[in-house]
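Trainee: Can you walk me through some helix packing? I have the file open.
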Amino acid sequence: MSDLDDLVRCCTTLIETQGYRFETGIPGVGALPAWRVAQTNVLLPVLLRLAEEFWRSETKGAGFGLKLEPDTLSVTGYTLKGLYHVPLSIALLALNAVLRNVADPEGRITLEALTTYAQVATT
């Protein structure tokens, strides 16, 4: 299993270094900080699930072995508890591919664009 603290740090760094900005769409709020997006109970469960789906579609291979648990206090309704069966580097590459597909040319990612991508990717 990949260490969740390492996973969170690497995902935060990926978001920051690639210039992705997660816009809330709420006037006056602006973008969510990368460290917040990458928390195991915020958007990371959804982002890794989409990365897993991307990886499956590209390789016709197995999933990442994500362990997600229902959590009514989390942003998405799930908390990430583990990443098994895939090296962290593969998960990050797939995550970057997803973010590249969702982001506009300036690196902005809206929740609406993420939702639309998720609906298309998982059907």
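Trainee: What does K60 do just after α3?
Mentor: K60 takes a positive phi, about 55 degrees, just after α3. Keep in mind that this is a predicted model.

Trainee: And α3 itself, what should its 16 residues span?
Mentor: At 1.5 Å a residue they should span 22 Å, and the end C-alpha atoms of α3 are 22 Å apart, so the two agree.

Trainee: Which residues of α3 are buried?
Mentor: L44, P45, L47, L48, L50, A51, E52, E53 and F54.

Trainee: OK, packing. How do you describe two packed helices?
Mentor: By the angle between their axes and the distance between the axes.

Trainee: Then at what angle do α3 and α5 cross?
Mentor: Roughly 40 degrees, with the axes coming within 11 Å. Angles of 35 to 65 degrees fall in the oblique class, so α3 and α5 are oblique to each other. Their crossing is left-handed.

Trainee: Which residues make the contact?
Mentor: From α3, L47, L50, E53 and F54; from α5, L114, Y117, A118 and A121. By class, the contact of α3 with α5 has 7 nonpolar residues, no polar ones and 1 charged.

Trainee: Switching to α1 and α4. How far apart are their axes?
Mentor: The axes of α1 (residues 4–17) and α4 (residues 88–102) are 11 Å apart, and the helices pack at about 35 degrees. The crossing is right-handed.

Trainee: Which residues of α1 and α4 make that contact?
Mentor: D6, L7, C10, C11, L14 and I15 of α1 contact L88, L92, L95, N96 and L99 of α4. That contact divides into 9 nonpolar, 1 polar and 1 charged residues.

Methods: Residues are numbered from 1 along each chain as its sequence is written. This is a predicted model: local features need pLDDT of at least 70, side-chain atom pairs count only at pLDDT 80 or more; totals for chains, interfaces and linings use all residues. Side-chain values use heavy atoms; hydrogens and water are left out. Axes are lines fitted to C-alpha atoms, for helices over the stretch in contact, and angles run from 0 to 180 degrees between N-to-C directions. Helices (H or I, at least four residues) and strands (E, at least two) are DSSP runs, numbered from the N terminus. Angles under 35 degrees count as roughly parallel, over 145 as roughly antiparallel, 65 to 115 as roughly perpendicular and the rest as oblique. A crossing is left-handed if the near helix is turned anticlockwise from the far one by less than a right angle, and right-handed if clockwise. Contact means heavy atoms within 4.5 Å. Ala, Val, Leu, Ile, Met, Phe, Trp, Tyr, Cys and Pro count as nonpolar, Asp, Glu, Lys and Arg as charged, and the others, Gly among them, as polar. The expected span of a helix is 1.5 Å times one less than its number of residues. Buried means under 20% relative accessible area, exposed over 50%, partly exposed in between (1.4 Å probe, protein chains only).
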